Amino acid sequence: SQASFEEDSQQQPAVEHWKTLMPSKGSKEEPEIGCQDAGGVDETQSTEQLNVSRLRSSSVEIREKGSEFLKEELRKAQKELKLKDKECERLSKVREQLEQELEELTASLFEEAHKMVREANTKQAASEKQLREARGKIDMLQAEVTALKTLVITSTPSSPNRELHPQLQSPSKAVFRKGHGRNKSTSSAVVSAASQNMTPEPVSRECKEVDSILFAEFQAWKESPTLDKSSSFLDRIYREDVGPCLDFTKQELSELVRVAVEQNTLTIEPVASQTLPMVKASAEECSGPKKCALSGLPRTCKHRIMLGDSANYYYISPSCRARITAVCNFFTYIRYIQQGLVRQDVELMYWEVMRLRREMSLAKLGFYPSEM
């Protein structure tokens, strides 16, 4: 309104100036000027009122637009607030779900841990039980090995242990055994050794002299014991003792007997009152209780042999049995040395080998005990 008033005030001098340029005649000029002044004041007032009304209308319009703008902003804020409320609600549900899953996971982990602990305890108990059983078996086996070593040390050809050498037993007490029966520990042998508690018998050294060549060959073999005939020690014994002792009239059967003795698959058993039927064997091969299958001579055969799993029995005379037994005793003893079961001085082992060689020499010459 002040601006419009200033505009009117600026325009008024121009009108007056225009009126001064064209003055009217007489006294009529003054009243016209007064009328014009009154009209100008009215016009100014009306302009001011118009401006005021305009201002009022513009302020109302601005107020309405401002209220509409504020309402729009309020609606937007409310809408955003509702969206945030929904987001908060969704996040709250997610948090509750995560908490529930975490609790379930924790419970399952604890349950799995308890299960693993129970299984571990069960396995530990089973392992401890197996360990106790294994230790018990080890103790039992150690006792058997100790008893077997005692049997081996105390059993010599001069005084053999009849539990360890079943072929020396009488026919009524002999027990059928596969092989020579000397390289396996049996319950009877262990019980016998444990009950008798025998001590090693020293080998007599009277009237004996160690042969330096034979002793050197035995010492060299003792450093690396083997059953291979390539060693000078075994090669000599094969040539001088084993070969002649197992050289029978029946050459083919003699070779089979030698192989069975070397492989420890020879079985000697006494002939019972009623012999078992012969399977897959001719009368010429097996002969009979009155004829030796190895020598071919008519002899009373108290024992018979079986070679491996052939199921063929061959009746042998006491002399042939003594020769086979002497060779078996030698191989049994050197097998014990090879397996580390003989804990004696080297010289004592050497004299034991010489004693076994003497038995083979006597047996091949026809000497044998009367109980054969």
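I began with residues 274-285, over which the pLDDT (the predictor's confidence in each residue, from 0 to 100) stays under 50, and for which the model has 13 contacts (heavy atoms within 4.5 Å) beyond four places in sequence. This is a predicted model, in which local features need pLDDT of at least 70 and side-chain atom pairs count only at pLDDT 80 or more, while totals for chains, interfaces and linings use all residues. I number residues from 1 along each chain as its sequence is written, and side-chain values use heavy atoms, with hydrogens and water left out.

**Confidence.** I looked up the mean pLDDT of the protein, which is 76, with 69% of the residues reaching 70 or more. Among the elements, helix 3 (residues 187-196) has the lowest mean pLDDT, 38, and helix 5 has the highest, 94. Over residues 9-31 the pLDDT is below 50, and I noted that this stretch has 5 contacts in the model beyond near neighbours in sequence. Where pLDDT is low, the predicted coordinates should not be read in detail.

**Elements.** I listed 9 helices and 3 strands, taken as DSSP runs numbered from the N terminus (helices H or I, at least four residues; strands E, at least two). From the N terminus on, their order is α-α-α-α-α-α-β-α-β-β-α-α. Of the 372 residues, 30% count as buried, where buried means under 20% relative accessible area, exposed over 50% and partly exposed in between, with a 1.4 Å probe and protein chains only.

**Core.** I then turned to the largest nonpolar core, a set of buried Ala, Val, Leu, Ile, Met, Phe, Trp, Tyr and Cys residues joined through side-chain atoms within 4.5 Å. This core has 50 residues, and those with the most contacts inside it are Val242, Leu266, Leu294, Ile305, Ile324 and Phe330. Among the elements that give two or more residues to the core are helix 4 (212-223), helix 5 (232-245), strand 1 (266-270), strand 2 (303-307) and helix 8 (318-338). The largest share, 11 residues, comes from helix 8.

**Strand 1 and its partner.** I found strand 1 mostly covered, with 4 of its 5 residues buried. Leu266 lies in this strand and is buried, with a relative accessible area of 1%. Strand 1 and strand 2 run antiparallel and are joined by 5 bridges, where pairing requires that DSSP finds at least two bridges between the strands. Pro270 stands opposite His303 in strand 2. For Ile305, leaving aside neighbours within four places in sequence, I noted contacts that include Val257, Leu266, Ile268, Tyr314 and Ile324.

**Rings.** A search of the whole structure gave me 8 aromatic pairs, counting rings of Phe, Tyr and Trp (its six-membered ring) with centres within 6.5 Å, and calling planes under 30 degrees apart stacked, over 60 edge-to-face and the rest tilted. The rings of Trp221 and Phe233 have centres 5.1 Å apart and planes at 35°, so I entered the pair as tilted. Trp221 lies in helix 4 and Phe233 in helix 5, so this pair ties together parts 12 residues apart in sequence. Both Trp221 and Phe233 are buried. Phe330 and Phe331 form an edge-to-face pair, 5.6 Å centre to centre with 70° between the planes. Ring pairs also link Phe215, Phe218, Trp221, Phe233, Tyr350 and Trp351 into a cluster.

**Charges over rings.** Here I required NZ of Lys or CZ of Arg within 6 Å of the ring centre and within 35 degrees of the ring normal. The charged end of Lys208 sits over the ring of Trp351, 4.6 Å from its centre, and that of Arg304 sits over the ring of Tyr313, 3.9 Å from its centre.
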